[in-house]
Amino acid sequence: MRKIKIILVAIILLFSTTNAFAVERKSTRNIDTKKYEYLIKKHGDKTMQKNSILEDEIKALRKTFMNKGYSKDMSNRLILKTLGYNEGDLEKTEQSLINELLDDSTEIIVTVEYVKSTLDGEEIILSEEECLAELAVVQGILPPLDDGESRNSGYASQTSSDGYMRITTIATYNSNSAQKGWYTMSGMFTWLKIASGRLVDAMSIGGNTTISLANSNSDFSGKMTYVRAGSTYSEYGSLRRESNGFAYEFQLPSGILTSLYFTITGKMLLGVTSGDLNFQMLSKYIHVSSYVTVRPSFGWSTSGPSISLSPSVNYKYSEYTGSCLINYSPNNY
């Protein structure tokens, strides 16, 4: 029986108030805040929030929350909060998907990164605090808080040469499959401040190891959601199957927006499943800011440990990348 490695820090934080589902940090205009609820780890020059949880831990945490009087649905939402989800992430995820995620998984890994990208091609990974501070300077007011409280109506419509995005990458090991090595990978791309131009953007998930995609298109989804004039709209993209990954493209909406985000999900099988394997999955978003007469097309390329979508001609674009480090060990599943 696997040793239960319950994330004690998360439990302490969740129960530090009388309401375990309280907001993650108090509303404040003071940027000088250091209240991180999740572990901050360095990977190279990237600052990321990363947490993982095993099946026994999921069951133990759910039992703890349900003993406190929470329903199973609410308990599952609280578990995801311990992994780095904020209220915005939870609102963007259907409850049925949350339940499926936690009921059918042997392991869940969540990483959260805040990315700034310039039209000069520079991509900078920021801490949450750094991102909020820069946005406060750029916009003069705070962006919406993680608890979903809007303090900057129309933030997605405000453009600048620099774009800011929150990327949540989720890897779940599928325990209900008879064959070992199946993962469901998801990427959630939330614009905090959209860069200049709204044309055709692309996003992908890929890995630096051999991967086979599930045969059924029903195991994949790509969705763009935006709020305009108080109404919520959703559009679905067409799946592109590529070597070691998959991708979607979307025409960005026009008008004044108060929210703009994308979610893509797909099921994939590792090429080598007999031994331990350390590999990296990347959630990549490409924002095209200018083209002249034709709609840009995107090609697939691999370079070392990265997988990216690049316009096939020399358009002006910027990149936003999230990463998820996975330690696959078949003996644990």
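# Strands, cores and a pocket in a predicted model

Thr 210 lies in the loop between strand 7 and strand 8 (211-213). The model is predicted.

Me: Which residues is Thr 210 in contact with, leaving aside its neighbours within four places in sequence?
Reply: Thr 210 sits in the loop between strand 7 and strand 8. Contact here needs heavy atoms within 4.5 Å. With neighbours within four places in sequence left aside, the partners are Asn 244, Leu 269, Leu 270 and Gly 271.

Me: How many Å apart in space are Thr 210 and Gly 245, C-alpha to C-alpha?
Reply: In sequence, 35 residues separate Thr 210 and Gly 245. Gly 245 belongs to strand 12, where it stands opposite Gly 206. From C-alpha to C-alpha, the separation of Thr 210 and Gly 245 is 9.4 Å.

Me: Which residue in strand 14 is the bridge partner of Gly 206?
Reply: Strand 7 (residues 200-207) pairs with strand 14 (residues 277-290) in the antiparallel sense, over six bridges. Gly 206 also stands opposite Gly 245 in strand 12. In strand 14, the bridge partner of Gly 206 is Leu 282.

Me: How many bridges join strand 7 to strand 12?
Reply: Strand 12 covers residues 245-251, and strand 7 runs antiparallel to it. One pairing sets Asp 201 against Phe 250 in strand 12. Another sets Gly 206 opposite Gly 245. The number of bridges joining strand 7 to strand 12 is seven.

Me: Are the two faces of strand 7 covered or uncovered?
Reply: In a regular strand, side chains alternate between the two faces of the sheet. On one side of strand 7, Val 200, Ala 202, Ser 204 and Gly 206 are buried. On the other, Asp 201, Met 203, Ile 205 and Gly 207 are buried too. Both faces are covered.

Me: How many of the residues of strand 12 are buried?
Reply: Buried means under 20% relative accessible area. Strand 12 is mostly covered. Of its seven residues, the buried ones number five.

Me: Which residue takes a positive phi in the hairpin of strand 11 and strand 12?
Reply: Strand 11 (residues 240-242) runs antiparallel to strand 12, joined by three bridges. Arg 240 stands opposite Ala 247 in strand 12. Two residues lie between the strands of this hairpin. The positive phi, near 65 degrees, belongs to Asn 244.

Me: Which residues have the most contacts inside the largest nonpolar core?
Reply: This core has 40 residues. Strand 13 gives the most to it, with seven residues. Inside the core, the residues with the most contacts are Phe 262, Tyr 285 and Ile 326.

Me: Which residues does Phe 262 touch, not counting residues up to four places away in sequence?
Reply: Phe 262 is among the residues with the most contacts inside the largest nonpolar core. So is Tyr 285, and Phe 262 touches Tyr 285. Not counting residues up to four places away, Phe 262 touches Gly 187, Met 188, Phe 189, Trp 191, Met 203, Lys 223, Met 224, Phe 250, Leu 252 and Tyr 285.

Me: Which strand supplies the largest share of the lining of the largest pocket?
Reply: This pocket holds about 800 Å³ of space. Its lining counts 32 residues, with Leu 97, Thr 184, Ser 186, Ser 221 and Thr 265 nearest its centre. Helix 5 (95-103), strand 5 (162-174), strand 6 (182-193), strand 9 (221-228) and strand 13 (257-270) each supply at least two lining residues. The largest share, five residues, comes from strand 13.

Me: How many residues of the lining of the largest pocket are polar?
Reply: The lining has 32 residues. Eight of them are nonpolar and eight are charged. The polar count is 16.

Me: Why is helix 3 largely enclosed by the rest of the structure?
Reply: Helix 3 spans residues 72-82. Its buried residues include Arg 77, Leu 78, Ile 79 and Leu 80. The helix is largely enclosed because, of its eleven residues, the buried ones number eight.

Me: What is the relative accessible area of Ser 75?
Reply: Ser 75 is found in helix 3. Outside its neighbours within four places in sequence, Ser 75 is in contact with Arg 62, Phe 65, Met 66 and Tyr 70. Ser 75 is buried, and its relative accessible area is 0%.

Terms used
Residues are numbered from 1 along each chain as its sequence is written. This is a predicted model: local features need pLDDT of at least 70, side-chain atom pairs count only at pLDDT 80 or more; totals for chains, interfaces and linings use all residues. Side-chain values use heavy atoms; hydrogens and water are left out. Buried means under 20% relative accessible area, exposed over 50%, partly exposed in between (1.4 Å probe, protein chains only). Helices (H or I, at least four residues) and strands (E, at least two) are DSSP runs, numbered from the N terminus. Two strands pair if DSSP finds at least two bridges between them. On a 1 Å grid over the protein atoms alone, a cavity is a set of points where a 1.4 Å probe fits but cannot get out, and a pocket is an open set with protein on both sides within 12 Å along at least five of seven lines; lining residues have an atom within 4 Å of a point. Grid points are joined across faces, edges and corners, and a volume is the space filled by probe spheres set on the points. Ala, Val, Leu, Ile, Met, Phe, Trp, Tyr, Cys and Pro count as nonpolar, Asp, Glu, Lys and Arg as charged, and the others, Gly among them, as polar. A nonpolar core is a set of buried Ala, Val, Leu, Ile, Met, Phe, Trp, Tyr and Cys residues joined through side-chain atoms within 4.5 Å.
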